[in-house]
Amino acid sequence: MDEQTPAFTIVGAGLGGALMANYLGRAGHRVDVYDGRPDPRAQGFVGGRSINLALSTRGLTSLADVGLADRVLEDAIPMRGRMMHSARGELSFQPYSKDPNDAINSVSRGGLNITLLNAAEEYRNVRLFFDQKLMDVNLDAPAVRLQDQQSGEERVEQARVVIGADGAGSIVRKVMAERPLFSNSVEFLEHGYKELTIPPTEAGEFAMEPSALHIWPRGGFMMIALPNKDRSFTCTCFWPFKGENSFERVPDRASVQAFFEKEFRDTIPLMPTLLEDFEQNPTSPLGTVRCYPWRHEDKVVLLGDASHAIVPFYGQGMNAAFEDCRALDARIAESTDDLEVAFARYEEDRKINADTIADLALANFIEMRDHTGSPAFLRRKRFEKTLHRLLPGWYKPLYNMVSFSNIPYAEAREIARRQAMQIRFVGRLIQIALVLIIVLVIGMTL
Ligand SMILES: Cc1cc2nc3c(=O)[nH]c(=O)nc-3n(C[C@H](O)[C@H](O)[C@H](O)COP(=O)(O)OP(=O)(O)OC[C@H]3O[C@@H](n4cnc5c(N)ncnc54)[C@H](O)[C@@H]3O)c2cc1C
């Protein structure tokens, strides 16, 4: 192999790829990173995905690892709970945690990506190449065939290891899927998403409470909004593509206006460009990617959405991708001389956790859109918080373990199951004790 061939070739300079470049750069490896998009620092960010995202403990832990957490948090807005908007415009706030310091952080996708790219480029052993679209991968060589998006010319670059960080539509994964015994599934939701904007008020202030994630739960569909640093909010409509209360039912401006007046009335005065935004902004699909294996020998390995894209309802896709980077870096450091072992350990560690958060994210969609507004849900949340306050050593709500800890997702789900069983058991004991007391009292009074 040519002396010039880098130790790692990362395809995709999105959130996961750019963070991985920081990890490997810090470890002293020579790294080349290719992305099909133009350089967002020169051309402006071309995302095509959500404008802002919720960054929580897992993601922050990885950013702290490479010395970037403080830099990223400077531009983040902490959200300490959910602000529910009823159809009549009533507001109710549900803190995420008993601890007021627990918050998820709204960050700009473009800003975060640029911070990660700038930091990666500070390592002299990391090189970034934009407008370089991956067309094909030779898994055995390994080598990547790239197309320059300016000239249209194609060329092949030899690699030692290819890291596929090329997102949900990963070409690296698709090439791996052509091999025998590779499982690859993409399941689309019946719901899609469309982004809208609530600009700052005329006085330049936030039009709603900034330290909350706003939710308009409507049962079967919903809208959410996250604050931005420029004091605007990005709203996201999660509606079915077809059927009742769907995108298909609002084909023109009059029907959009009527639907918002019925379902999201309180936002109308806050959204002066609602009709234009609705018309111009795309409606995009949402899906879950599951695949296995995530690696090919000691030559190719996947991370982030390329291996496990999930629906966004737990706010964990990026956080999970950042956890992947931390895990992959650790396994490579442990087994630099045998990368096949490193990749196998990484896959074993991450696959089960990626599957778990994929399931939890799907379940949370139903919770957010159908239950967050219901009295039964609010009672359950209050009960969970009370237990957490009274018995913090024993009881931790699942949401807290997922968003405010680094407990592996699969373990968090197991703990939550165990806690639920214990609560049911104690509930039964209390019921039996009450019945016994009633029988005793009746017996004594007769
Ligand atoms: C609406 C929405 C809201 C979300 N909200 C949250 C949230 O609140 N919190 C959270 O943690 N996660 C959230 N996510 C998930 C998050 O966006 C992803 O999990 C995260 O971006 C994954 O990072 P990645 O690097 O794997 O992929 P990406 O960020 O998609 O990066 C992939 C990169 O690969 C490049 N690429 C693709 N194909 C090629 C090719 N052929 N050649 C070269 N380059 C290529 C792309 O240009 C891109 O730069 C949300 C997702 C959506 C859709």
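**Helix cap, exposure and aromatic pairs**

User: What makes Ser108 a cap at the N-terminal end of H5?

Analyst: A side-chain oxygen of Ser108 lies 3.4 Å from the backbone nitrogen of Gly110. That value meets the cut-off for a polar contact, which is a pair of N or O atoms within 3.5 Å, one able to donate a hydrogen and the other to accept it; residues adjacent in sequence count only if both atoms are side-chain atoms. H5 is a helix, a DSSP run of H or I with at least four residues, numbered from the N terminus. The model is predicted, so local features need pLDDT of at least 70 and side-chain atom pairs 80 or more, whereas totals for chains, interfaces and linings use all residues. Residues are numbered from 1 along each chain as its sequence is written, and side-chain values use heavy atoms, without hydrogens and water.

User: Why is Phe241 called partly exposed, and why is Phe247 called buried?

Analyst: Buried means under 20% relative accessible area and exposed over 50%, with partly exposed in between (1.4 Å probe, protein chains only). Phe241, at 29%, is therefore partly exposed, and Phe247, at 10%, is buried.

User: The whole structure holds 22 aromatic pairs; what makes the pair of Phe241 and Phe247 tilted?

Analyst: Its planes are 45° apart, and its centres 6.3 Å. Rings of Phe, Tyr and Trp (its six-membered ring) pair if their centres lie within 6.5 Å; planes under 30 degrees apart are stacked, over 60 edge-to-face, and the rest tilted, so this pair is tilted.

Technical notes:
Helix = DSSP H or I, 4+ residues; strand = E, 2+ residues; numbered from the N terminus.
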